[in-house]
Amino acid sequence: MGVGVGAGVGVDGAVETGVRSERWTGADWDDGPLGRRERLLDGVRAYRMIAAMWIRSTMAYRVSFAMTTFGNFVATGLDFLAIVLMFSQIDRLGGYSLPEIAFLYGLSAMAFGIADLVVGSMDRLGRRVRDGTLDTLLVRPAPVLAQVAADRFALRRLGRITQGLLVLGYALTALDGVHWTVLKVLLLPVMVVSGGAIFCAVFVGGAAFQFVARDASEVQNAFTYGGATLLQYPPGLFAQDLVRGVTFVFPLAFVNWLPALYVLGRPYPLDLPEWVAFLPPLVAVGCCSLAGLAWRAGLRSYRSTGS
């Protein structure tokens with residue numbers, strides 16, 4: 001075993017015998033008697049430092065950065081262009097007008113774009129598990145989750161967020177018949193932040209699954225990229241079983257469907273009460289907590305490749 005020759009018994013024991021010392025019990029770097037809050041701050045500092053390193057590396061080639069960001073903006077914009085072309089032949093899709101579809105699209109794109117920017121590198125974990133490079137992260141004095149999430153931090157992903165913001169701006173100016181209240185206005189940023197947190201939880205939970213499956217990045221993408229695409233369209237287009245699944249089992253509906261339909265004054269297909277539109281923050285906290293538990297369990301189960 002070539003990992004951690006001078007890193008201490010905790011790492012070597014973890015990867016060679018599967019028995020972790022107290023230093024690694026929390027499935028992340030635990031510097032002695034640090035409390036949960038201190039470990040969280042330590043993770044944020046590590047994430048910030050790694051992300052800043054990648055940003056400096058990116059900005060060393062500014063023309064390349066501008067071109068890749070613009071390319072990301074155009075590539076993601078083609079999705080909405082397809083919807084616009086569709087509406088050149090129809091007046092409504094599932095009973096929704098183009099501005100209403102744009103409202104759903106913009107919220108979904110922004111929420112997913114934030115998560116993709118912050119933790120989009122999590123889908124590379126399976127590759128690290130397979131080739132054994134995850135071992136190098138275990139011996140560093142920083143939480144593994146922060147290291148994996150910040151790895152290859154890509155500012156070009158701002159293109160997706162910008163594109164979603166522009167589509168949302170168009171929707172807000174083109175929507176007719178929406179009675180705007182203070183509550184509805186305040187719900188917009190709550191939707192974006194909570195939706196981003198829910199997608200972050202999906203990224204982390206999918207990465208935790210790769211500790212077991214090891215080659216499941218496409219499965220993870222089905223719930224991240226696929227989920228973002230699903231939410232760009234009204235729920236009435238999909239089978240009731242699918243709508244129930246993304247509401248009660250895999251709560252992606254709380255990213256934009258439930259709160260957005262409240263803003264638009266549209267009934268929800270499952271006849272849920274109106275107050276569920278205000279649950280996204282609680283759902284986001286619950287999803288992040290479950291994703292954190294899954295990550296800790298996955299990291300504890302990790303066994304080195306031995307290479």
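## Exercises on a helical chain

Ser 108 is buried, with a relative accessible area of 0%. Keep that residue in mind, since it comes back below. One caution before starting: the model is predicted.

**Exercise 1. Place Ser 108 in the fold and list what it touches.**

Step 1: find the element. Ser 108 is found in helix H4.

Step 2: check the burial. Anything under 20% relative accessible area counts as buried. Ser 108 has 0%, so it falls in that class.

Step 3: collect the partners, skipping residues up to four places away in sequence. That leaves Phe 199, Ala 228, Leu 231, Gln 232 and Asn 256.

**Exercise 2. Work out which residues line the largest cavity, and which helix gives the largest share.**

Step 1: count cavities. With a threshold of 30 Å³ or more, the structure holds one. The space in the largest cavity comes to about 60 Å³.

Step 2: read off the lining. It is made up of Thr 76, Asp 79, Tyr 105, Ser 108, Ala 109, Phe 112, Arg 160, Gln 163, Ala 228 and Gln 232. There's Ser 108 again, and two of its contacts, Ala 228 and Gln 232, are on the list too.

Step 3: sort by element. Helices H3 (62-87), H4 (98-119) and H8 (158-174) each give two or more residues to this lining. H4 supplies the largest share, with four residues.

Step 4: sort by chemistry. The lining splits into four nonpolar, four polar and two charged residues.

**Exercise 3. Decide how H9 and H10 are oriented: roughly parallel or roughly antiparallel?**

Step 1: get the geometry. The axes of H9 (residues 182-213) and H10 (residues 217-230) come within 9 Å and cross at roughly 170°.

Step 2: apply the cut-off. Angles over 145 degrees count as roughly antiparallel, so H9 is roughly antiparallel to H10.

Step 3: look at who meets whom. On the H9 side you'll find Phe 199, Val 202, Phe 203, Gly 206, Ala 207, Phe 209 and Gln 210. H10 answers with Ser 217, Val 219, Gln 220, Phe 223, Thr 224, Gly 227 and Ala 228. Phe 199 and Ala 228 also touch Ser 108.

Step 4: classify the contact. Its residues divide into eight nonpolar, six polar and no charged.

**Exercise 4. Describe the second largest pocket by volume, lining and chemistry.**

Step 1: the volume is about 410 Å³.

Step 2: 21 residues line this pocket, and Ala 201, Val 202, Gly 205, Gly 206 and Phe 250 lie nearest its centre. Val 202 and Gly 206 also take part in the contact of H9 with H10.

Step 3: H9, H10 and H13 (280-300) each give two or more residues. H9 gives the most, eight residues.

Step 4: the lining holds 17 nonpolar residues, four polar and no charged.

**Exercise 5. Find the loops that hold Arg 152 and Asp 271, and compare their phi values and exposure.**

Step 1: Arg 152 sits in the loop between H7 (144-150) and H8, while Asp 271 sits in the loop between H12 (257-264) and H13.

Step 2: phi is near 55° for Arg 152, a positive value in a residue other than glycine. For Asp 271, phi is likewise near 55°.

Step 3: Arg 152, at 45% relative accessibility, counts as partly exposed, whereas Asp 271, at 70%, is exposed.

**Exercise 6. Sum up the chain.**

Step 1: the chain has 13 helices and zero strands.

Step 2: buried residues make up 49% of its 307 residues.

Step 3: of the contacts with a separation of 6 or more, 76% join residues 24 or more positions apart.

Definitions and conventions: Residues numbered from 1 in each chain as written. Predicted model: local features only at pLDDT ≥ 70, side-chain atom pairs only at ≥ 80, totals over all residues. Heavy atoms only, no water. 1 Å grid on protein atoms, 1.4 Å probe; cavity = no way out; pocket = protein on both sides within 12 Å on 5 of 7 lines; lining within 4 Å. Points joined across faces, edges and corners; volume = space filled by probe spheres on them. Nonpolar A, V, L, I, M, F, W, Y, C, P; charged D, E, K, R; others polar. Axes fitted to C-alpha atoms, helices over the stretch in contact; angles between N-to-C directions. Parallel < 35°, antiparallel > 145°, perpendicular 65-115°, else oblique. Contact = heavy atoms within 4.5 Å. Buried < 20%, exposed > 50% of the residue type's maximum accessible area, 1.4 Å probe, protein only.
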